Amino acid sequence: VTAADYVAGRLMANYIKELNHKEISYFDVGSYDLAVGKRYKGLFDILKDTDIKINHHHSDFTKKTAYEKTKKVVEKEKSTLYIGATDNIAFGIIEALREKNIKIPDEISVAGFGDYEISPLINPPLTTVAFSYEKLGKLAIESLIAAIEGNKSIKAKQIEPKLIVRNSCR
């Protein structure tokens with residue numbers, strides 16, 4: 001049972017195209033996390049044939065690292081949208097942009113993936129792609145119980161994500 005991370009990336013990419021951003025900065029966690037890598041692949045596959053420039057940065061799952069990396073790249077790039085491969089990464093991006101007195105979303109938009117409990121509560125509320133973690137957990141437990149009971153016909157299942165548009169993008 002997995003989240004459809006590739007689809008999540010495609011959802012974000014199609015939204016980016018609607019917003020007409022010409023340069024974006026994407027912060028991911030490196031190739032060791034296959035699920036998060038699929039988010040970038042989905043985003044890249046949609047945007048590769050457009051005139052949108054993607055600045056790809058490697059971070060980790062911490063807000064602190066995203067904060068530090070953002071402080072370094074914001075002076076060098078002309079991105080009008082920063083995307084964190086997780087909402088936690090997006091929170092670090094937001095903190096660094098605020099420290100630089102950059103208005104979100106007026107000057108730079110920010111988005112993430114995950115729809116954490118705090119994502120709608122920060123200022124501005126974070127645009128993100130939501131995964132139904134409750135549904136993922138429930139299906140995983142049901143599959144595990146079925147396997148324990150001897151069911152050999154268990155099939156892989158993916159949970160579809162949903163784009164949640166809030167006020168952190170324009």
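A residue is called buried here when its relative accessible area is under 20%, exposed when that area is over 50%, and partly exposed in between. On this scale Y116, with a relative accessible area of 28%, is partly exposed. The structure is a predicted model, and the values that follow were computed from it.

**The nonpolar core**

The largest nonpolar core has 44 residues, and those with the most contacts inside it are I16, I24, L43, L47 and I83. Two or more residues are given to this core by each of α1 (5-19), β2, α2 (34-47), α3, β4, α4, β5 (109-114) and α5 (133-148). The largest share, six residues, comes from α4. As a general background, nonpolar side chains in soluble globular proteins tend to be buried together.

I24 gives a view of the core from one position. Not counting residues up to four places away in sequence, I24 touches I16, L43, L47 and I83, each of which is also listed among the residues with the most contacts inside the core. The other residues that I24 touches under the same condition are I52, K53, I54, N55, S79 and L81.

**Helix α3**

Helix α3 spans residues 63-73, and its buried residues are A66, Y67, T70 and V73. They lie on the same side of α3, because they cover an arc of only 140° around the axis. The spacing can be read against a general rule: an α-helix has 3.6 residues a turn, so residues three or four places apart point the same way. On the other side of α3, K64 and K72 are exposed. The buried residues of α3 pack against the strands β2 (23-28), β3 (53-58) and β4 (81-84), and also against helix α4 (87-99).

**Aromatic pairs**

The structure holds six aromatic pairs, of which two are described here. Y40 and F44 form a stacked pair, with 6.0 Å centre to centre and 25° between the planes. Both residues lie in helix α2, four residues apart, or about one turn of the helix. Y40 counts as buried at 16% relative accessibility, whereas F44 is partly exposed, with a relative accessible area of 34%. Ring pairs also link Y26, Y40 and F44 into a cluster.

F91 and Y116 form an aromatic pair that is edge-to-face, with 6.2 Å centre to centre and 75° between the planes. F91 lies in helix α4 and Y116 in the loop between β5 and β6, so this pair ties together parts that are 25 residues apart in sequence. Of the two partners, F91 is buried, with a relative accessible area of 12%, while Y116 is partly exposed at 28%.

**Backbone features**

Most residues other than glycine have a negative phi, and most peptide bonds are trans. The table lists four places in this model that depart from that general pattern.

| Site | Feature | Value |
|---|---|---|
| I104 to P105 | cis peptide bond | omega near 5° |
| N123 to P124 | cis peptide bond | omega near -5° |
| N20 | positive phi, not a glycine | about 65° |
| N101 | positive phi, not a glycine | about 60° |

N20 lies in the loop between α1 and β2 and is exposed, with a relative accessible area of 54%. N101 is found in the loop between α4 and β5, where P105 also has its place, and N101 is exposed, with a relative accessible area of 65%.

P124, in turn, lies in the loop between β5 and β6 (127-130), and it is buried, with a relative accessible area of 9%. Leaving aside its neighbours within four places in sequence, P124 is in contact with R98, I104, P105, N167 and S168. Those contacts include I104 and P105, the two residues joined by the other cis peptide bond in the table. The C-alpha atoms of P124 and G30, which are 94 residues apart along the chain, are separated by 27 Å.

Key
Residues are numbered from 1 along each chain as its sequence is written. This is a predicted model: local features need pLDDT of at least 70, side-chain atom pairs count only at pLDDT 80 or more; totals for chains, interfaces and linings use all residues. Side-chain values use heavy atoms; hydrogens and water are left out. Buried means under 20% relative accessible area, exposed over 50%, partly exposed in between (1.4 Å probe, protein chains only). The arc is that of the directions from the helix axis to the C-beta atoms. Contact means heavy atoms within 4.5 Å. A nonpolar core is a set of buried Ala, Val, Leu, Ile, Met, Phe, Trp, Tyr and Cys residues joined through side-chain atoms within 4.5 Å. Rings of Phe, Tyr and Trp (its six-membered ring) pair if their centres lie within 6.5 Å; planes under 30 degrees apart count as stacked, over 60 as edge-to-face and the rest as tilted.
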